[in-house]
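User: I would like to go through this structure step by step. Please keep the answers short and show the reasoning.

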Amino acid sequence: MASNKEKLSKFNQAINHYAEEQRRKIEDEVADYKRRQLDEAEREVLTEAYRLIQKEMAEMRNNITREMAHREMDARRELLAKRRSIMEDVFEGVRQRLLEFTATDRYAGLLEKDAAEIAAALRAGDGDAVLFLRPEDMKYQERVAKAFGHACEIRADSGIRIGGIRAVNNAAGLTADATLDASLEDQRVWFEENSGLAVV
C-alpha cells in the first residue's frame, strides 16, 4: 500500500499537471485572442488605408480634371485672342486697300453706280432723299447727284470712314447703306465661318 507521502506526491503531481494544462490552455487562449485582435486591427488599418488611398486618388483625379479644364480654357482664350488678332490684321489690311481704292479714278465710278442702284431701292421719285458721303468724298457730290437722277440732298457724314454712300428717304421710310464700311463689316461673319480659323 502506498504511503501517505507517495499519495501526497502523486496528488501534487496531478495538481501540477492540471495547473500546467490550465496554464497552457490560458496561454493558447491569450495567444489566440491576441492573434484575432491583431488580425482585426490589421484589417481595420488596411481598410482605413484603402479608404484614404481612394480618397486621395479621387482628389488627385478631381485636381487633374480641374487643372486640365483650366489649361483648356486658357488655351482656348489664347487661341481666340490669336484668331481675333489675325482677323483684325486681315481686316485692317483690307481696310487699307479699300482706302487706297478710294483714291483711284475707279472709285468715282463705283459711287455713281451705287447712287443709281440706291435711287431705285429708295423709290427716289417720292422725293425727300438724303445721301451721305464721307467728308473726303464731297468732291464727288455733283457726279453722285447726277447718277442718282432725282432731287436729293447730299450731306457729309464723318461716320463713314472708308467710303461709299448711305441714303435715307424719310417720306418712304426707307434706308440704304452702300458704304464700304458696311460691306467690310458684313464680311466679318463670312470670314469667321470660312477662314478655317475656328476654335474647336
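User: Which residues form a nonpolar patch on the surface?

Analyst: Keep in mind that this is a predicted model. The patch has about 300 Å² of accessible area in total. One of its members, Leu8, lies in helix H1. The patch is formed by Leu8, Phe11 and Ile15.

User: Is Leu8 buried or exposed?

Analyst: The relative accessible area of Leu8 is 52%. The cut-off for exposed is over 50%. Leu8 is therefore exposed.

User: How far apart are the end C-alpha atoms of H1?

Analyst: H1 has 98 residues. At 1.5 Å a residue, H1 should span 146 Å. The model agrees with that, as the end C-alpha atoms of H1 are apart by 142 Å.

User: Which element do the buried residues of H1 pack against?

Analyst: Start with the buried residues themselves. In H1 they are Arg83, Met87, Phe91 and Leu98. Their packing partner is H4.

User: How far apart are the end C-alpha atoms of helix H4?

Analyst: Helix H4 covers residues 180–194, which makes 15 residues. At 1.5 Å a residue, the expected span is 21 Å. The end C-alpha atoms agree with this, with a separation of 21 Å.

User: Where does H4 bend?

Analyst: The bend in H4 is about 25°. Its place is a residue that is also among the buried ones of H4. That residue is Arg188.

User: Which elements do the buried residues of H4 pack against?

Analyst: The buried residues of H4 are Leu180, Asp181, Ala182, Leu184, Arg188 and Phe191. They pack against two helices and two strands. These are helix H1, helix H2, strand E3 and strand E4.

User: Is Thr179 buried or exposed, and which residues does Thr179 touch?

Analyst: Thr179 is found in strand E4. At 1% relative accessibility, Thr179 is buried, because the cut-off is under 20%. Residues up to four places away in sequence are not counted as touching. The residues that Thr179 touches are Ile160, Gly163, Gly164, Ile165 and Arg166.

User: Which residue forms a salt bridge with Asp157?

Analyst: Asp157 sits in the loop between strand E2 and E3. At 18% relative accessibility, Asp157 counts as buried. Among the residues that Asp157 touches are Phe132, Pro135 and Arg166. The salt bridge has its closest N and O atoms 2.4 Å apart, and the partner is Arg166.

User: How far apart are the closest N and O atoms in the salt bridge of Arg166 with Asp177?

Analyst: Both partners are partly exposed: Arg166 has a relative accessible area of 26%, and Asp177 has 43%. A salt bridge needs the nitrogen and the oxygen within 4 Å. In this pair the closest N and O atoms are apart by 3.9 Å.

User: Which strands does that pair link?

Analyst: Arg166 and Asp177 are 11 residues apart. The pair links distant parts of the chain. The strands are E3, with Arg166, and E4, with Asp177.

User: Which residues do salt bridges join into one network?

Analyst: The structure holds 21 salt bridges. Some of them share partners, and this joins residues into one network. The residues joined are Glu20, Arg23, Arg24 and Glu27.

User: How far apart are the closest N and O atoms of Arg155 and Glu153?

Analyst: Arg155 is partly exposed at 37% relative accessibility. Glu153 is partly exposed as well, with a relative accessible area of 37%. They form a salt bridge, and their closest N and O atoms are apart by 2.6 Å.

User: What separates the C-alpha atoms of Val144 and Ala19 in space?

Analyst: Val144 has its place in helix H3. Val144 is buried, with a relative accessible area of 1%. Its contacts include Leu111, Leu131 and Ile154. Val144 and Ala19 are 125 residues apart along the chain, and their C-alpha atoms are separated by 130 Å.

User: How far apart in space are His150 and Ala116?

Analyst: His150 lies in the loop between helix H3 and E2. At 38% relative accessibility, His150 counts as partly exposed. His150 and Ala116 are 34 residues apart in sequence. In space, C-alpha to C-alpha, they are apart by 9.6 Å.

Note on methods: Residues numbered from 1 in each chain as written. Predicted model: local features only at pLDDT ≥ 70, side-chain atom pairs only at ≥ 80, totals over all residues. Heavy atoms only, no water. Helix = DSSP H or I, 4+ residues; strand = E, 2+ residues; numbered from the N terminus. Expected span 1.5 Å × (residues − 1). Bend = angle between axes of the 7 residues up to and from the residue. Buried < 20%, exposed > 50% of the residue type's maximum accessible area, 1.4 Å probe, protein only. Contact = heavy atoms within 4.5 Å. Patch = residues over 30% accessible without salt bridge, like charges linked within 9 Å, V, L, I, M, F, W, Y side chains within 5 Å. Areas by Shrake-Rupley, 256 points an atom, 1.4 Å probe, with all protein chains shown as cover. Salt bridge = Lys/Arg side-chain N within 4 Å of Asp/Glu carboxyl O.
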